[in-house]
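Q: I would like to learn how to read the interfaces in a structure of this kind. Could we go through them one at a time?

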Amino acid sequence: MLNYEMILSRDSYLLAIELRLFWLASLIYGLALILYIFHIITRANVFGKAAATAMLVGVIAQAGLIVLRAFEAGRAPFQTLYESLSWFALCASVTYLYESRRWKNIYFPGVFVSALSMGACLYALFAGSPAIEPLSPALQSYWFEWHVILAFFSYAVFAVSASIEAAYLILSPFVKKGGATGYGVNTENIRDFHRSAFRLVLFGYPLLTFAIFSGAAWANNTWGRYWSWDPKETWSLITWTVFTIYLHSKTIPALKGWPASVFNIIGFICVMMAFPGVNWLASL
Amino acid sequence: MEYSDEKIDKGLAARLTDVFTRAYRLFASTKTSVCILGLMAVCYLIGTVFPQGADLSEYVKEGGRLVFLVSLFDLLDFFSSPVFLFLAFLLFLNLVICTYDRYPAIFIKDDYPREFEPLHSIALTQDIKEAFVKVREAFVKELKFKPVLSDSLWTVVEKGLPYRPLTWLYHAGIIVCFLGFALTYLFAYEGTVTLSPKRLHTVVPDDTGRLKSLWKKKDDPTDFHLLLEDFGTEYIQSPDLNYPDDRAARLAIGLGWGSPAYELHEDSLFVKGWKARIKVVKGKETLYEKTAEVNSPLKYGGYAFHLAGWEDTVKVSVDGNPILLEAKAGDALFVPGLLDPVVFGDVKAGKVLRLDGSMAELEAFTTVKRKVKDREEYLGKVRIGESIDINGRRITLAGFETGSVLNYRYDPGAGVLWAGGLLALVTMALRFYIGWCMAAYNIVEKDGIVYLELFIAVKGLGFSPERVVKALEHRLTKDDIRPVLLPPFK
């Protein structure tokens with residue numbers, strides 16, 4: 001049997017490796033961001049391709065560190081601020097790489113996604129504690145585990161959707177005037193951005209619904225109250241409501257164009273408020 | 001001009017019918033849903049801006065400036081205010097009317113048009129009759145589409161789950177959720193009860209919800225008693241991490257200059273959980289018993305009893321006096337002969353899971369502090385039977401007793417909410433993730449070449465027109481009716 005000193009030294013060593021891997025992943029996302037910016041400035045596909053490759057390398061590093069963390073903690077590593085932000089960054093990058101696989105020489109939306117992934121990693125590294133500590137009794141629940149996993153997955157999907165939607169809103173006026181050449185977009189495929197954003201919301205919406213439902217089930221099981229109108233809960237409900245408006249607006253001819261795009265972007269702002277925004281407000 | 005009563009009645013009835021019809025059409029509209037949802041989102045936002053549950057006096061004291069608006073719209077209890085409830089009712093009404101209005105549509109067989117605008121056109125090599133057979137085979141036998149219309153110029157096939165009933169069902173599920181919310185709002189109540197070991201306790205609610213209070217007295221006790229048979233806490237040895245808060249130092253660790261280090265201290269004990277063996281008793285009969293845990297409440301008689309915490313009572317002897325003094329952990333205990341009161345901490349007792357995986361029994365101990373004015377001065381730690389001298393008085397820890405603090409709640413809406421939520425979730429997942437696909441095709445001959453003209457519509461994420469076209473292309477190429485050399489699909 002290992003003695004205490006050996007256990008402490010092993011755990012400290014593993015944590016040091018994990019932290020270095022995490023910093024590496026955020027630096028790679030940062031590199032991807034710089035390359036995407038170069039692509040936007042120069043319109044050269046080589047920078048776009050390099051940026052997408054960097055994102056892929058970042059994803060591999062991030063997935064590796066999540067596996068390492070699961071091994072260290074002996075549980076699903078999605079339950080603290082530090083862990084959930086890491087999960088968010090991975091989900092956002094994977095979702096973007098998956099969604100962009102069909103596009104040929106289109107890299108524009110990647111600038112937003114790489115910025116978000118890098119931001120989430122840096123926020124986790126600067127503001128979160130990487131300590132692996134036992135969970136308080138209230139958090140020892142499958143409902144809580146699923147709540148966090150799905151909530152952050154849905155937030156990541158919405159973030160990618162908003163990034164694509166933002167690219168659509170920025171590029172479409174130029175495309176209509178015959179500009180935006182070099183970004184791989186034209187009057188035909190620019191509409192695919194709008195459709196992709198919609199499909200991503202369609203994918204994320206049931207996830208967010210289940211996240212809210214599992215959060216309520218967890219609260220009911222632990223404290224006997226499924227809803228208490230605390231700011232976090234309320235912001236997640238605002239997010240859900242805004243995406244409900246978005247989905248309904250897609251069925252109304254007058255709203256299915258740019259107004260729907262605006263609802264999608266507002267939804268993403270609500271996502272930001274539901275997590276870092278609420279924490280930031282609480283710290284004031 | 002004179003009007004008869006009958007004419008006036010008819011006119012009034014017509015006007016009322018007209019108003020009703022207009023109101024119905026207004027509330028059955030998706031545009032109305034968007035407007036009401038937008039207003040609800042604004043209301044939720046207001047609820048996050050103003051501190052919910054705070055007193056108006058507190059709000060003023062904290063420098064709140066919008067006193068008039070806060071009082072007028074009840075902004076400190078906004079989610080129970082008339083404005084919010086009215087909007088919630090409008091949303092419910094909109095949801096019910098939309099769901100009712102769309103109900104017949106789920107049974108109506110789709111009336112497909114006789115003509116479609118082809119989205120894809122595929123050149124084939126077979127003669128037109130052969131092509132009909134092969135394309136039908138490809139759709140029905142290989143791609144598992146179901147024919148729904150074949151007696152017109154265009155043949156319509158479909159696959160997947162019918163989206164209209166699923167859409168209708170998840171809206172119906174949300175209506176059931178609303179009913180659950182309403183039941184909770186009207187009937188739910190909660191409170192706290194502390195169980196001392198081996199003593200019977202009756203739950204005497206100090207509230208009975210918003211509606212039940214009309215016919216039930218608030219302080220009517222329950223007809224059963226609770227008995228705490230046993231209580232235990234479990235700890236886990238959890239090392240502390242020596243890790244800097246400073247950003248530059250954290251970056252340095254990330255770059256390899258320095259390492260984080262776990263350290264184990266004597267008091268590195270983390271509460272892993274606590275359990276209470278509770279009996280529900282009526283007279284001499286035990287009706288129910290359970291070992292409740294933090295995430296596993298005791299449920300009985302419509303109540304759910306959740307373990308909220310525990311309360312230690314320490315028993316101390318002063319200078320060996322057999323008459324023991326009792327004090328709750330954290331409360332001030334005035335000891336005769338001592339000027340300042342003594343405060344005992346929580347008693348640490350129970351099992352501990354050590355870092356190496358072994359289990360051990362903790363020897364119960366507590367901390368002793370002296371309260372001097374507003375601050376507490378740490379004096380030391382005592383175990384059972386051990387003493388501590390304070391200004392010449394010998395205080396001995398003779399024993400302790402742990403009571404279980406329970407939050408109880410009566411909520412008839414929760415079950416309804418779960419049923420509605422489950423229905424909404426399952427049907428939403430089926431509708432969004434599996435979806436539905438309809439393909440309409442026609443085979444025509446133009447300038448001696450046979451073409452397959454194709455129109456595809458999808459709902460949900462399970463199907464994409466591109467994938468259907470690819471699968472069809474693969475099938476037709478395999479069957480030799482679309483050789484690879486022919487131009488690609490448009």
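**Reading the interfaces**

A: Between them, chain B and chain A bury about 5,600 Å², with carbon and sulfur atoms accounting for 70% of that area. Please keep in mind throughout that this is a predicted model.

Q: Why is a buried area quoted for an interface?

A: The accessible area lost when the parts come together is often used to give the size of an interface. In the present case the contact brings together 62 residues of chain B and 62 residues of chain A, and the three residues that supply more of chain B's buried area than any other three are B:Tyr262, B:Asn295 and B:Trp418, at 13%.

Q: How many salt bridges and how many polar contacts are found between chain B and chain A?

A: A salt bridge requires a side-chain nitrogen of Lys or Arg within 4 Å of a carboxyl oxygen of Asp or Glu. The count between chain B and chain A is one salt bridge, and A:Arg225 and B:Glu190 form a salt bridge in which the closest N and O atoms are 3.5 Å apart. For polar contacts, the rule finds 21 residue pairs across this interface, both residues being at pLDDT 80 or more.

Q: Which elements of chain B supply at least two residues each to the side that touches chain A, and how does that side divide by class?

A: The elements include the helices α2 (30–49), α7 (163–187) and α9 (413–434), as well as the strands β6 (225–237) and β9 (269–282). By class, that side of chain B has 35 nonpolar, 18 polar and nine charged residues.

Q: Which domains does the assignment give within chain A?

A: The same reading can be applied inside a chain. The assignment gives domain 1 (1–133) and domain 2 (138–284) of chain A, to whose contact domain 1 contributes 28 residues and domain 2 contributes 32 residues. The centres of the two domains, taken over C-alpha atoms, are separated by 21 Å. About 2,600 Å² is buried between these domains, 72% of it from carbon and sulfur atoms, and on the side of domain 1 the residues that lose the most area are A:Arg43, A:Gln79 and A:Phe108, together 22% of what that side buries.

Q: Which polar features cross from domain 1 to domain 2 of chain A?

A: The rule finds one salt bridge across this interface, and a salt bridge joins the side chains of A:Arg102 and A:Asp192 at 3.6 Å, N to O. There are also six residue pairs in polar contact between the domains. On the side of domain 1, α3 of chain A gives the most, with 10 residues, and that side divides into 18 nonpolar, six polar and four charged residues.

How values were computed. Residues numbered from 1 in each chain as written. Chains lettered and ligands numbered in written order. Heavy atoms only, no water. Domains from an automatic or database assignment. Contact = heavy atoms within 4.5 Å. Buried area = accessible area lost by both parts, 1.4 Å probe. Polar contact = N/O pair within 3.5 Å; in protein donor to acceptor, adjacent residues only side chain to side chain. Helix = DSSP H or I, 4+ residues; strand = E, 2+ residues; numbered from the N terminus. Nonpolar A, V, L, I, M, F, W, Y, C, P; charged D, E, K, R; others polar.
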